[in-house]
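Let's take a friendly walk through this structure together. Keep the sequence and the 3D view at hand as you read.

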Amino acid sequence: MQLFYTPDIDPTLSQYFLSEEESKHAVRVLRLNIGDAVTLIDGKGGLYKAEIKDAHPKRTILQINSVTAKFNKRNHYLHIAIAPTKNLDRIEWFLEKATEIGIDEISLIICQRSERKEAKVERLDKIITSAIKQSIKAYHPILNALVNFNQFLKQPFDGQKFIAHCDDGEKAELAQSVVKQNRYLILIGPEGDFSPAEVDAALQNGYKAITLGESRLRTETAALEACFEVNFLNR
């Protein structure tokens, strides 16, 4: 299956023109030609079956044959807010794998113990795009720019809110706390974990403290574990 990400496609039209970049990839790299079938995803739930009508390396024309709305729409919404790791490769790995497993939104947060306080969202977003194409996801996860932890806490969220941390204190198992088919927001801290003040601030803002198991996990591993658990519990 040859799949292209086409966020600007109009589902009411019967033809679509691939961008110059995608046209070049289709014709020069994939060697696609007139009559070949392709699949398009718009990142908003639409999956399109199409056929090449003109294999031009700068402006390939596609005939749209069918449209499926809300393709593989999940029964829940998962938002993970995570402090970027010092080694950006690790957060890139998380974004790729979380997208493949299933996630709706990712926020990057700056915490008191953060070792990385900048990240190129455009580059990270391209990793997500590659992952939705790889895993045939019709929904493109939202990636939000870096924001201060305390500012993030003030943002409204209608659903269950959790903070995963390693300090002592009363914490619930995520698996026992999730209400199925709901909306979830989970905070994952930096390599040095959240500070006690940040944990307190989250609790005061309606977050519930959770544990992700007995092992002390890396930031990106903890985030992926949370992602896997939520999706597993909502099967």
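Helix α6 (196–204) lies across three strands, β9, β11 and β12 (208–211), and runs at about 170 degrees to β9. Keep in mind as you look that this is a predicted model.

What do these strands belong to? They are part of an open sheet of seven strands, in the order β8-β7-β6-β11-β9-β12-β10, with parallel pairing. The edges are β8 (142–148) and β10 (172–173), each of which pairs on one side only. As a general point, strands of a sheet pair through backbone hydrogen bonds, in either a parallel or an antiparallel way. To see one pairing in detail, look at β9 (residues 160–164), which joins β11 in the parallel sense over five bridges. Within this part of the sheet, Ala164 stands opposite Ile188 in β11.

Now turn to another helix, α2, which lies across β6 (77–82), β7 (105–110) and β8. Its direction is at about 180 degrees to that of β6. One residue to find in helix α2 is Glu96. Is Glu96 buried, exposed or partly exposed? With a relative accessibility of 30%, Glu96 counts as partly exposed, because the range for that class lies between under 20% for buried and over 50% for exposed. Leaving aside neighbours within four places in sequence, Glu96 is in contact with Ile127 and Ala131. Val67, by comparison, is 29 residues from Glu96 in sequence, and their C-alpha atoms are 26 Å apart in space.

Helix α2 covers residues 88–101, so follow the helix to Ile101. This residue is partly exposed, with a relative accessible area of 35%. Together with Phe228 and Phe232, Ile101 forms a nonpolar patch on the surface, and the three share about 270 Å² of accessible area.

Finally, visit the two loops that flank β11 (183–188). Gln181 is in the loop between α5 (174–177) and β11, and has a positive phi of about 55 degrees although it is not a glycine. Asp193 lies in the loop between β11 and α6; its phi is near 70 degrees, again a positive value in a residue other than glycine. Which of the two terms, buried or exposed, fits Asp193? Asp193 is buried, because its relative accessible area is 7%, whereas Gln181 is exposed, because its relative accessible area is 58%.

Terms used:
Residues are numbered from 1 along each chain as its sequence is written. This is a predicted model: local features need pLDDT of at least 70, side-chain atom pairs count only at pLDDT 80 or more; totals for chains, interfaces and linings use all residues. Side-chain values use heavy atoms; hydrogens and water are left out. Helices (H or I, at least four residues) and strands (E, at least two) are DSSP runs, numbered from the N terminus. Buried means under 20% relative accessible area, exposed over 50%, partly exposed in between (1.4 Å probe, protein chains only). Patches are made of residues with over 30% relative accessible area and no salt bridge: like charges are joined within 9 Å, nonpolar side chains (Val, Leu, Ile, Met, Phe, Trp, Tyr) within 5 Å. Accessible areas come from the Shrake-Rupley method with a 1.4 Å probe; for residues, only the protein chains shown count as cover. A salt bridge is a side-chain nitrogen of Lys or Arg within 4 Å of a carboxyl oxygen of Asp or Glu. Two strands pair if DSSP finds at least two bridges between them. Contact means heavy atoms within 4.5 Å. Axes are lines fitted to C-alpha atoms, for helices over the stretch in contact, and angles run from 0 to 180 degrees between N-to-C directions.
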